[in-house]
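Hi,

Here is the structure I said I would pass on. Have a look at it first, and then read on for what turned up.

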Amino acid sequence: MSRNLTADLAADLRNRIVDGVIQPGEKLPSENTLISDFGVSRTVVRAALTRLQAEGLVETERGRGSFALTPPSDAPPATPGGRPVASTEDRLHLLEFRMGVETEAAALAARNRTDRQLRAVGTALEAFAGSSGHPAHAMKSDFEFHRAVAAASGNPYYSDCLAALGQTMIAMPRTRLMTGVEHYARDHFDQVVLEHRSILEAIADGDGAAAAAAMRSHLANSRRRFKASARPAAQRDASPSDS
């Protein structure tokens, strides 16, 4: 009985994180709130949080509570009045915006990058390629890859733009956050690695047109993957009050 309650609570919190209801870096409800809302014991709550910690979806800080997918420590504070990215529509709009910004950043990176900046892009790619079993690490290293490309453009406004968006700009398909053999789509992850590698190779070759095309293709594919993975959840959760 207790085991099922733990799994149910973990699944509910996991879905909130995956669907963006709980944003990266946002504090989860307190233990007392979860106990009250779900009618479970403190032991069940702590077991569910431990499970999410093992999946890399939650980090717990002593004395402060539990947080979802904590962003990089050097991320800037939230901009007052900044637009939240909480819904599927928000994330699709953000991917469209990123296509316009990052495509040109990649083209500039191919022309302007230094050897050090190229190494930074490669390092971020390898970190991402090695993060397949840990969604929190994957999200962070995915962001670091795109931020390294922006830095390699030589134009600080691109870097500032991505820094302002923060790690939440990474629109992960549910399959990359739902760990476990039954949920985790390794083929999708491997495809993203290949797309990142195509961007890196074009930048290394100094081919601006190829770098722009590779980035646009990657973000278009990311949009398609995210839209496809979000559709079942949207259909499941739709109700007359959802408008």
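Leu52 is buried, because its relative accessible area is 0% and the cut-off for buried is under 20%. Keep in mind that this is a predicted model. Leu52 sits in helix α3. Setting aside its neighbours within four places in sequence, Leu52 is in contact with Ala10, Leu13, Arg14, Leu57 and Val58. Leu52 and Ala11 are 41 residues apart in sequence, yet their C-alpha atoms are 9.0 Å apart in space.

Arg46 is another residue of α3, the helix that covers residues 42-55. Buried or partly exposed? Arg46 counts as partly exposed, since its relative accessibility is 47%. From Arg46 to Ala10 the distance is 9.9 Å, C-alpha to C-alpha, with their positions 36 residues apart in sequence.

Next, the strands. β1 (residues 58-61) and β2 (residues 65-68) pair in the antiparallel sense, over four bridges. One thing to find there is the bridge partner of Glu61, which is Gly65 in β2. The hairpin has three residues between the strands, and Gly63 takes a positive phi near 85 degrees in it.

Then there is a helix pair to look at. α4 (residues 88-112) packs with α7 (residues 156-165) at an angle of about 150 degrees, and the two axes are 11 Å apart. The crossing of α4 past α7 is left-handed. On the α4 side, the residues that meet α7 are Leu94, Phe97, Val101, Glu102, Glu104, Ala105 and Leu108, while α7 brings Tyr158, Cys161, Leu162 and Leu165. Sorted by type, the residues of this contact are nine nonpolar, two charged and no polar.

Finally, the cores. The largest nonpolar core has 26 residues, and those that touch the most other members are Phe145, Val149, Ile199 and Ile203. Which helices each supply at least two residues of this core? They are α4, α5 (115-129), α6 (135-152), α9 (186-205) and α10 (208-237). Of these, α9 gives the most, with seven residues. Ile203 is a good one to click on: leaving out residues up to four places away in sequence, Ile203 touches Ala106, Ala109, Ala110, Arg113, Leu118, Val149 and Ala211. Apart from this core lies another one, of 16 residues, including Ala10, Leu34, Val44 and Ala68. You have met Ala10 already, as one of the contacts of Leu52.

Cheers

Methods: Residues numbered from 1 in each chain as written. Predicted model: local features only at pLDDT ≥ 70, side-chain atom pairs only at ≥ 80, totals over all residues. Heavy atoms only, no water. Pairing = 2+ DSSP bridges. Axes fitted to C-alpha atoms, helices over the stretch in contact; angles between N-to-C directions. Left-handed = near helix turned anticlockwise from the far one by under 90°. Contact = heavy atoms within 4.5 Å. Nonpolar A, V, L, I, M, F, W, Y, C, P; charged D, E, K, R; others polar. Core = buried A, V, L, I, M, F, W, Y, C linked by side-chain atoms within 4.5 Å. Buried < 20%, exposed > 50% of the residue type's maximum accessible area, 1.4 Å probe, protein only.
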